[in-house]
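Q: Please look closely at one part of this structure and describe how it is put together. I would like the strand pairing first, then the packing and the individual residues, with the computed values.

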Amino acid sequence: MKKLILLFLFSLLANAQIKGVVKDSLTGEPIQFVNIYASNNKVFNSDSKGNFVLEENIKGKAIFQLFGYQSKSCELSDNMEIKLIPIENQIKEVIIKREKQKIEKEIDIFESYGFRYHNNNHGCAILLKRDSLNKNCNFLKKIKFHTDSNIDKAKLKISFLNNSKFHSIEQNEIVHDTIIEVKKGARSNLLDLSNTNIQIPDEGLFICFENLLIEENKYFFETTGRMPNGEKKTFKSMSYEPEISLVPSNQFTVYYRRFSTWEKAKKVIIENPNSYEMLLMKKYHEKILTPSVKITLTN
C-alpha cells in the first residue's frame with residue numbers, strides 16, 4: 001500500500017512539471033535561452049536546445065520574450081511548442097568608404113574593487129550615446145567588464161541593440177548577441193568586438209548584460225541564522241551565477257530588467273552622506289549603480 005502511495009505521489013510531481021520547446025516561427029529551429037516569465041514573478045530560461053521545464057507548480061499564462069523576436073503570451077500546458085515571430089529589421093543603406101587611419105577612444109568606469117551585487121534584477125543595460133568626445137569613433141572594438149561567480153564556466157548573455165526610441169528595450173533592433181563563459185571568482189573579462197562592425201547609431205546603442213536562469217548556472221549553498229526564539233537554523237539556498245559587478249557612476253543611462261520589463265535606474269540617495277557613519281558609502285550618493293566597464297571605440 002505504501003509503495004502505491006509513493007508511486008502516486010511521484011506521478012503527481014511529474015505531472016506538475018510543464019515541459020516544452022521554443023522555436024523560430026519561420027525556420028522551425030529551436031531558440032536558446034528565451035526568457036520565460038510565469039506567475040508569481042517566477043522567471044525561467046529555455047536551454048541551449050530551446051527546451052524548458054517549469055519545475056514548480058506554475059499555472060496560468062506565461063510571457064516568452066527574447067531580443068529580436070515578438071513577445072508572446074499564452075496559457076501554460078504540458079508538451080508546449082512555442083513559436084516566436086522574428087522582428088523584421090529594415091535594410092539600411094551601406095556606404096563604402098576608403099579605410100582611414102585607425103584612432104581609438106576609451107570610456108572607462110572600470111573598477112576592480114568596491115562593487116555592489118544582488119541588485120534584485122536579471123539583467124543590466126547601458127545606453128551608449130554619440131557625443132562630442134566619441135563622434136569620430138563610433139564603432140565598438142572591445143569591452144572589458146567585471147563579474148563575480150561562485151562556479152566555473154557560468155554563462156552570461158551580452159546583446160547589442162540600436163536605440164529606436166521604443167517604449168521598451170526589447171522592441172529595438174538587435175545588432176549582435178553572444179554567450180560567454182566566465183571563470184570562478186572575481187574576474188575581469190574582455191570581449192573582442194573588432195570583427196563585428198557594431199556601429200553606434202545617432203540615437204545610441206544599448207549594451208545589455210543578461211543572467212541566464214539555466215541549470216548549469218545554479219549554485220547551491222547553505223546559510224546559518226537565528227530564529228526569533230534564538231534557535232540556530234541552517235537554510236538551503238540557490239543563486240544563478242555570475243553576478244555583474246556594479247559601480248557608482250553617472251556616465252550612462254542605465255536600465256535594470258525586473259521580471260518582464262526594463263526599468264530606468266534611479267540614483268542612489270543616502271541620508272546624511274557627509275556623516276562619519278556614511279564615510280564608505282558617500283561615493284554612492286546621487287550616483288547610479290552601473291556595470292563596471294571599459295569600452296574601447298574606434299573609427
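A: In this predicted model, six strands form an open sheet in the order β12-β11-β14-β9-β19-β20, and the pairing is antiparallel. Its edges are β12 (174-182) and β20 (261-264), each of which pairs on one side only. From one strand to the next, the twist averages 20 degrees. Inside the sheet, β9 (residues 123-128) and β19 (residues 253-258) are joined by 4 bridges in the antiparallel sense. One position in that pairing sets L127 opposite T253 of β19. Strands of a sheet pair through backbone hydrogen bonds, in either a parallel or an antiparallel sense.

Strand β10, residues 139-149, is the part to follow in detail. Which strands does β10 pair with? One partner is β13 (residues 185-192), which runs antiparallel to β10 and is joined to it by 8 bridges. In this pairing S149 has G185 as its bridge partner. Another is β22 (residues 293-298), antiparallel to β10 over 6 bridges, with I143 standing opposite I295. A further antiparallel pairing, over 2 bridges, links β10 to β17 (residues 243-244); here T147 is the bridge partner of I244.

Two neighbouring positions of β10 show how its side chains are engaged. H146 lies in this strand and is buried, because its relative accessibility is 4%, where the cut-off for buried is under 20%. Its side chain makes a polar contact of 2.7 Å with the side chain of S245. T147, also in β10, is buried as well, with a relative accessible area of 0%. The T147 side chain has a polar contact of its own, at 2.9 Å, with the side chain of N189. In a regular strand, side chains alternate between the two faces of the sheet.

The surroundings of T147 can be read against the strand pairings. Apart from neighbours within four places in sequence, its contacts are L156, V182, G185, A186, R187, N189, P242, E243, I244 and S245. Among these, I244 is the bridge partner of T147 in β17, and N189 is the polar partner of its side chain. G185, another contact of T147, is the bridge partner of S149 in β13. S245 is also on the contact list of T147, and its side chain is the polar partner of H146.

The nonpolar packing comes next. The largest nonpolar core has 37 residues, and those touching the most other members are L128, L140, F145, F160, I207, F252 and I295. Strand β11 (residues 154-162) gives the most to this core, namely 4 residues. A second core, separate from that one, has 19 residues, including F52, I58, L76 and I82.

I207 shows how elements of the description meet at one residue. Not counting residues up to four places away in sequence, I207 touches C124, A125, I126, L128, L140, I143, I158, S159, F160 and I295. Of these contacts, I143 and I295 also stand opposite each other in the pairing of β10 with β22. L128, L140, F160 and I295 are named with I207 among the residues that touch the most other core members.

Two lysines give a contrast with the buried positions of β10. K105, in strand β8 (residues 104-108), has a relative accessibility of 42% and therefore counts as partly exposed. Although 191 residues separate K105 from T296 in sequence, their C-alpha atoms are 5.9 Å apart. K49 sits in the loop between β3 (43-45) and β4 (51-54) and, at 61% relative accessibility, counts as exposed. Leaving out neighbours within four places in sequence, K49 is in contact with V21 and P30. K49 and E29 are 20 residues apart in sequence, with 9.2 Å between their C-alpha atoms.

For context, the whole protein has 1 helix and 22 strands. Of its 299 residues, 41% are buried. Among contacts between residues at least 6 apart in sequence, 70% join residues at least 24 apart. The exposed area is about 18400 Å², of which carbon and sulfur atoms supply 49%.

How values were computed: Residues numbered from 1 in each chain as written. Predicted model: local features only at pLDDT ≥ 70, side-chain atom pairs only at ≥ 80, totals over all residues. Heavy atoms only, no water. Pairing = 2+ DSSP bridges. Axes fitted to C-alpha atoms, helices over the stretch in contact; angles between N-to-C directions. Buried < 20%, exposed > 50% of the residue type's maximum accessible area, 1.4 Å probe, protein only. Polar contact = N/O pair within 3.5 Å; in protein donor to acceptor, adjacent residues only side chain to side chain. Contact = heavy atoms within 4.5 Å. Areas by Shrake-Rupley, 256 points an atom, 1.4 Å probe, with all protein chains shown as cover. Core = buried A, V, L, I, M, F, W, Y, C linked by side-chain atoms within 4.5 Å.
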